[in-house]
Amino acid sequence: MLRRGALALLVPLRRRSAMATPPDRRFVVELAGSELVHFSLSDDDNNHRAPPRCFLPRPGRCYSFCLPAAGSPRERVRAARLHRLLQRRLSQEQPFGVGSAALALLSYSPSREAALERGFLVQDERRAPEIERSLEELLRHLLPAPVHLAVYEVAEGGEVRCALWRLDGAAQGRQLVRRARVVAEEEPALHPAGAHLLEDAVFRSRGAARRILEECTSLIPEAKAVLDLVDQCPQHPKKGDFPVIVIEGLDATGKTTLTQAVKDSLNAVLLRSPPPSVSQWRKIFDDEPTLIRRAFYALTNYILASEIAKASSKLPVIVDRYWHSTAAYAVATEISGKVQNLPPLHHEVYHWPEDLLKPDVVLLLTVSPEERIRRLKGRGMEKTEEETELEANTCFRQKVEESYRRMENPTCQPVDASPSREEVLKAVLHLVKNQCHLP
Ligand SMILES: Nc1ncnc2c1ncn2[C@@H]1O[C@H](COP(=O)(O)OP(=O)(O)O)[C@@H](O)[C@H]1O
Ligand SMILES: Nc1ccn([C@@H]2O[C@H](COP(=O)(O)OP(=O)(O)O)[C@@H](O)[C@H]2O)c(=O)n1
């Protein structure tokens, strides 16, 4: 049974180019442990490059396919939701999941940034015929024809060979498009998804995020409610005369505790992000692909901005998370691999949006991983999927924190939040009173 709105996904994605694999197409797959493997397909007998570090379980087999990721907001929304649906099917539904794993695959062209495609590399360690059969059936059912399915095997001598098949619609037939060797490729200077962050995950303006959620109203009814709330907010709310201080940081660094204490000490207004007016819809959007989820959080920051503008005309304002959370988690989610794969310092993705009310001070609470886990356990609350991800995935946590540290104008000023509640409060009040010229 297709999920709500999934049938609408079948609105034809942009027709794929007739050539299945343009000449300079590259692939990158993220293995367990955040290791990236870059490779390409070569049928040039003079290309004696070795196969990539192996993504092929022996004596297994692998399959891969991709969806276009670039295009209009409508095309990107449908491709993102289709990708999310496939991710669920490939990890939760029989016969997948048992003895097979679906890894995130990116297909890109070094010469054509817009040619980014997102897909999966399915590892089948048992070479089970039902995996190939079920995968083909899934692709015929969910993806607009023609679909290209690559099948990888290890040939004698350790070579990795690929057969590329073209599946035309519901008909059972498939045509062999090409056979090629799989060869290792150098890691490009910039992560292939980096150039797309600004339109796919870190929105540069209220309009850019709005255009994505507008395309969701027929698929997610709550999107309309969010858009209505955003549209009631002034376009460029002005900050009042009182200081606006934002507290940022990973889960369980002590933001909730500290912001409450600072509120009491400064007789400030405490605002949280996302604001209460939209928090009932978070679970719905947290369940969506990054493109839609981050557009939701980006828009909630604009709703929060109008609340900050009003509150800061009367009292100091302390904010628990704001735009830096949205951007840092978006970057860390979209950029696979390790910290070194993040966009470089001063990249536009770290710059505050021109049309969003800017705070006076942003403090980044930092604690050791061990202290965070202690506090997570101490909090005893149900862990969100993301917190579980953070706890399980040191690499993801490092990418979030490093993204926070790279933010500019305003920067996120690190504050050691490991000491006691009282000591952290004292240090923060000292910082804030100095920087905001408070008595
Ligand atoms: N300075 C601190 N020292 C020890 N425990 C703390 C400190 N600050 C917060 N905690 C505890 O850590 C847990 C997480 O704090 P919380 O404020 O909820 O973090 P966040 O809002 O960043 O997720 C809570 O149980 C809280 O009581
Ligand atoms: N302005 C914001 C606020 C939260 N978020 C997302 O919401 C997640 C957790 O928010 P939360 O408030 O439940 O987490 P805690 O503050 O309780 O640690 C963050 O990890 C972000 O992914 C966001 O993207 N943008």
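This is a chat about reading the domain interface, the ligand site and some backbone features of a predicted model.

Colleague: Before we start, what should I know about the numbering and the thresholds?

Modeller: Residues are numbered from 1 along each chain as its sequence is written, while chains are lettered from A and ligands numbered from 1 in the order in which they are written. Since the model is predicted, local features need pLDDT of at least 70 and side-chain atom pairs count only at pLDDT 80 or more, with totals for chains, interfaces and linings using all residues; side-chain values use heavy atoms, leaving out hydrogens and water.

Colleague: Okay, domains. Into which domains is the protein divided?

Modeller: The bounds come from an automatic or database domain assignment. Here you get domain 1 (6-184) and domain 2 (198-436). Their C-alpha centres lie 35 Å apart. Counting contact as heavy atoms within 4.5 Å, domain 1 puts in 16 residues and domain 2 puts in 22.

Colleague: How do I read buried area, and what is it between domain 1 and domain 2?

Modeller: It's the accessible area (1.4 Å probe) that two parts lose on being put together, summed over both. In this model that comes to about 1700 Å², with carbon and sulfur atoms giving 50%. On the domain 1 side, Arg76, Arg81 and Arg84 supply 33% of the area buried against domain 2, more than any other three residues.

Colleague: Arginines, eh? How many salt bridges does the rule find across the interface?

Modeller: General idea: side chains of opposite charge can pair when their charged atoms come close. The rule wants a side-chain nitrogen of Lys or Arg within 4 Å of a carboxyl oxygen of Asp or Glu. It finds seven across the interface, and 33 in a search of the whole structure. Take Arg81 and Glu288, with N to O at 2.9 Å. That pair links distant parts of the chain, 207 residues apart: Arg81 sits in helix H1, and Glu288 in the loop between helix H8 (282-286) and helix H9 (290-311). Another salt bridge joins Arg84 to Asp287, at 3.8 Å.

Colleague: Which helix gives the largest share of domain 1's side?

Modeller: Helices and strands are DSSP runs numbered from the N terminus (helices H or I, at least four residues; strands E, at least two). Helix H1 (residues 73-92) gives the largest share of the side touching domain 2, nine residues.

Colleague: On to the ligand. Which residues are closest to ligand 1?

Modeller: A residue is near a molecule if one of its heavy atoms lies within 4 Å of it. By that rule 15 residues surround ligand 1, the closest being Ala252, Lys255, Thr256, Thr257 and Arg379. Look at the backbone too: a backbone N or O atom of Ala252 lies 2.7 Å from a ligand oxygen, and a polar backbone atom of Gly254 is 3.0 Å from one.

Colleague: What is the phi of Ala252, and where are the cis peptide bonds of Pro95 and Pro274?

Modeller: Most residues other than glycine have a negative phi, and most peptide bonds are trans. Ala252, though not a glycine, has a positive phi of about 65°, and is found in the loop between strand S9 (244-249) and helix H6 (255-266). The bond from Gln94 to Pro95 is cis, with omega near -5°, and Pro95 is in the loop between H1 and strand S4 (100-109). Ser273 to Pro274 is also cis, with omega near 0°.

How values were computed: Polar contact = N/O pair within 3.5 Å; in protein donor to acceptor, adjacent residues only side chain to side chain.
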